[in-house]
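Trainee: I'd like to learn how to read a few features in a model. Could you walk me through them one at a time?

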Amino acid sequence: MAEKEFPAQARVVIVGGGVMGVGLAYHLAHEGWGSEVVLLEKAELTSGSTWHAAGQITHSTSSFGLGKCVDYNIGLYSGKLEKETGQAVTWHGCGSFRLAYTEDEMDWLRHTLSVGRSLGFNIELVGPEKVAEQHPFYNLEGVLGALHTPDDGHVDPTNVTMAMAAGARQLRARIIRRCRATNITQAENGEWIVESERGTIRCEHVVNAGGTYARQMGEWSGLQLPMTSMTHHYFVTEPVPEFEALDKELPVIRDDKKVSGYIRMEQKRGLIGIYEKEGSNSVWHDHCPWEYENWLFDADYDRVMPWLEESLERMPIFADLGIQREVHGAISHPPDGNPLIGPAPGVKNYWCCCGTQIGIGWGPGLTRELARWMVHGAADISMREYDPRRFGSYATKDWQVTKAHEDYKLRHEIPFPQFNRLEGRPVKPSPLYDRLNEKGAVYEEVYGHERPRWFARNGVEQRDHYSFKRNVVHDVVGAEVKAVREGVGIMDISAFTKVQVSGPGAAALLDRLTANRLPQKAGGIALTHMLNRRGRIELETTVVKLAEDSYYLVCAAFFEQRLLDHLNQNLAGEAVEITTLSTDWAALALNGPKAREVLAACTDADLTNAGFKWLTAQQIEVAGHTLWALRMSYAGELGWELHIPRGSTLAVYDALWAAGEAHGIADYGSFAMNTMRMEKGFKGAGELTNEVTLAEADVLRFASAGKDYLGKGKTLNADSLPWVCAYLEIEPDGVTDGHGGEAVLLQGKVAGSTASVAYGHTVGKILAFAYVKPYANVPGTEIEVVIAGTPRKGRILGAPAYDPESLLPRTDAALAPAE
């Protein structure tokens, strides 16, 4: 097709020609859609944030999924892409060191080492003498150690993007430059209409890869895509005399504590990049000017001076040199720092490929996964951290700006386990927020909701306590678990997603989308999974049949929009009404051997096994307030979930608390809840991801063989399983328990990696779920798990570590046999 001919139709239109948009075109072409892809760029390729990127990439990541991406990217940059396309990418494979000055930083590096081991990375923890050997010019005063990743490097951002563009064109993708998109709307038939300066294209799929323009582009289609443009500096020095005699390039230094950034060679010059901790700058809150091309801001030395001065202390050979080039450009920052990769909320076939603050380091791997998602129905890594639907309508512009500043300042801070970002909160407090705050609740945010993590007691300060090792919170959580296991505990679980599906077509819709048999009688409860067309798990949900044509669905908070989209986008003419109740209704969990006695003091309902069977729901009155009681327990104890109209929640909580005081009732939070679900062998969101089928997740028992459902053929008919979810116990050392992503070894060789890890206070063992090679998943098999860089003995379990026969949740008394 001649360049002057403008296409009227395409399968996919990508808007934006930076590393993300071009990377997606390249990978869609490799997935077989090449001739059906059109990319529009308003100026020249890479003229936005891509062209001014510093271009580093490292294996030093504690994220298992992101680790897969960066490993792919390094392989692409270091040879594959140039060999495929004939285009030079200017790869500098100089390696890198991440320095540690404190024991907390060393613990971070040890955990990263464990994750790297599971991914097969070339990675080691070394002392400062090793750094000095390879980088003799760096001031290592105070350095305890470093993570050495010798396969790392940096790449020219423009060259690598142009090479991917060449690869996309070779597979017949169309890239049109100097063509600004001006509007994106959806036709009644579901097609997307992309208007541009050169014409209009109708397409099945549209992709927003607009970089700093992405948020305002989303508004064309009525979408709120949360990201803010933050400005970032790096500086290039005059030529460094000491570099002239070097016969190889020095490794990149990542110095999170002293420099809050990175230092490397730029040919024979020095390059210093800084993420300042104070005075961070955001721009274009409403509109990024369309005329900007290869745009930079004037350097703001006052903002970065403390860190720039420290960088010269660390690299004294730079101290007497001038700055030859100042690069101060805008980069997109989502509220939590992770890109927006996947479906936009509430619409079909509008895809986000934007909000990426580290496009060169992360982009190709993430765009490969997005291409697989678009073409095949699911990515091959877990996309939970990147799914744009992880945010809701609470993510207003003002909130986005607040969170982007927070994220920028955290870019070079230690990513502690369960790190709690506190800016811009609370957003959606539950009716119990103030009451529980007064009682010592330390909160976390999930999909805007505030949920208690644990409760400060016995002199423990009511704040987050961070460490890769056990700290004071460990014993607090143990006490909460003990209270539930031996008496009764109550938890605010209002953050759960709560959706009602009703109408004449409700049963037909849900039956097509759920793998398990729906409850047949009013009050029945079923645990089930919804799959995508690739047979992978979209989400797990509890389904309660409220009445003949009415069902109540409960799932994890961050799946709310995913659940709504899955329901709405798979309608086939059914007459249904889908109502979100997540904020209008609250919920409490009441668990423990004394739960029945506490609840009985507040209701006239028959709570015996005969009157209220296990895995059933009833509408009852508690303290004079009508609510739905679900007899089920994520803690694995006798218990109920109470789902309550928002206005009645505080009164119900107060009544239960008063009734429970004689039984030693205790508040507990999500940390204790997670410990107890691990003791019971209940899989959670860390195990049930878009990466796996029902068979791989070992949850086929929740699928009904006698019905059809979306994804059934794909989830059942795999010739062989590449991995399977195993349940492990690991010997504790009393110091470090693990955090997920660690290597699982069988006879010294990597056989898998952990998904979730927690110490089981009741059983005195570390417990984990791990995805391992099927041959390793044999109960009793002795394995090792690399925790904090050191192998630890463990074994495969064949049953839950606590109450393996699940007698306790179904008893009439704490130790009576099940009916």
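Trainee: Let's start with charges over rings. Over which ring does the charged end of Arg180 sit?

Mentor: This is a predicted model, so keep that in mind throughout. The charged end of Arg180 is placed over the ring of Trp290, at 4.6 Å from the ring's centre. There's another case with Arg485: its charged end lies over the ring of Tyr802, and here the distance to the centre is 3.9 Å.

Trainee: Now ring against ring. How many aromatic pairs are there?

Mentor: A pair of aromatic rings is described by two things, the distance of the centres and the angle of the planes. The count here comes to 26 aromatic pairs. Take Phe612 and Trp640: their centres are 5.9 Å apart with 85° between the planes, an edge-to-face pair.

Trainee: Where in the chain do Phe612 and Trp640 lie?

Mentor: Phe612 is in the loop between helix H14 (595-600) and strand E30 (617-622), while Trp640 belongs to strand E32 (residues 639-645), so the pair ties together parts that are 28 residues apart in sequence.

Trainee: Is Phe612 buried or exposed? And what about Trp640, buried or exposed?

Mentor: Phe612 has 0% relative accessibility, so it counts as buried. Trp640 is buried too, with 0% relative accessibility.

Trainee: What kind of pair do Tyr727 and Phe769 make?

Mentor: Their ring centres are 5.2 Å apart and the planes meet at 35°, so this pair is tilted. The angle decides it, because tilted covers what is neither under 30 degrees nor over 60. Tyr727 sits in strand E34 (residues 724-730) and Phe769 in strand E37 (residues 765-772), so the pair ties together parts that are 42 residues apart in sequence. As for exposure, Tyr727 is buried at 8% relative accessibility, and Phe769 is buried at 2%.

Trainee: Which residues form an aromatic cluster together?

Mentor: One cluster is made up of Trp284, Tyr292, Trp295 and Phe297. Hold on to Trp284, as it also appears in the lining of the largest cavity.

Trainee: Good, let's go to cavities. How many are there of 30 Å³ or more?

Mentor: Rolling a probe the size of a water molecule over the atoms shows where empty space is left. In this model the count is 7 cavities of 30 Å³ or more. The largest cavity has a volume of about 90 Å³. Besides Trp284, its lining includes Arg215, Glu219, Asp286 and Lys397.

Trainee: Which elements supply that lining, and what is its character by class?

Mentor: Helix H6 (214-220) and strand E13 (228-239) each give at least two residues, and H6 has the largest share with 3 residues. By class, the lining of the largest cavity has 2 nonpolar, 6 polar and 4 charged residues.

Trainee: And pockets? What is the volume of the second largest pocket?

Mentor: The second largest pocket holds about 530 Å³ of space. Strand E12 (199-208), helix H8 (359-376) and helix H13 (560-568) each give two or more residues to its lining, with the largest share, 3 residues, coming from H13. There are 20 lining residues, and Lys348, Asn349, Trp351, Arg533 and Gln569 lie nearest the centre of the pocket. By class, that lining divides into 6 nonpolar, 7 polar and 7 charged residues.

Trainee: Last one, a helix. How many residues of helix H1 are buried?

Mentor: In helix H1 (residues 19-33), 12 of its 15 residues are buried, so the helix is mostly covered. Among them are Val19, Leu24, Tyr26, His27 and Trp33.

How values were computed: Residues are numbered from 1 along each chain as its sequence is written. This is a predicted model: local features need pLDDT of at least 70, side-chain atom pairs count only at pLDDT 80 or more; totals for chains, interfaces and linings use all residues. Side-chain values use heavy atoms; hydrogens and water are left out. On a 1 Å grid over the protein atoms alone, a cavity is a set of points where a 1.4 Å probe fits but cannot get out, and a pocket is an open set with protein on both sides within 12 Å along at least five of seven lines; lining residues have an atom within 4 Å of a point. Grid points are joined across faces, edges and corners, and a volume is the space filled by probe spheres set on the points. Helices (H or I, at least four residues) and strands (E, at least two) are DSSP runs, numbered from the N terminus. Ala, Val, Leu, Ile, Met, Phe, Trp, Tyr, Cys and Pro count as nonpolar, Asp, Glu, Lys and Arg as charged, and the others, Gly among them, as polar. Rings of Phe, Tyr and Trp (its six-membered ring) pair if their centres lie within 6.5 Å; planes under 30 degrees apart count as stacked, over 60 as edge-to-face and the rest as tilted. Buried means under 20% relative accessible area, exposed over 50%, partly exposed in between (1.4 Å probe, protein chains only). A charge sits over a ring if NZ of Lys or CZ of Arg is within 6 Å of the ring centre and within 35 degrees of the ring normal.
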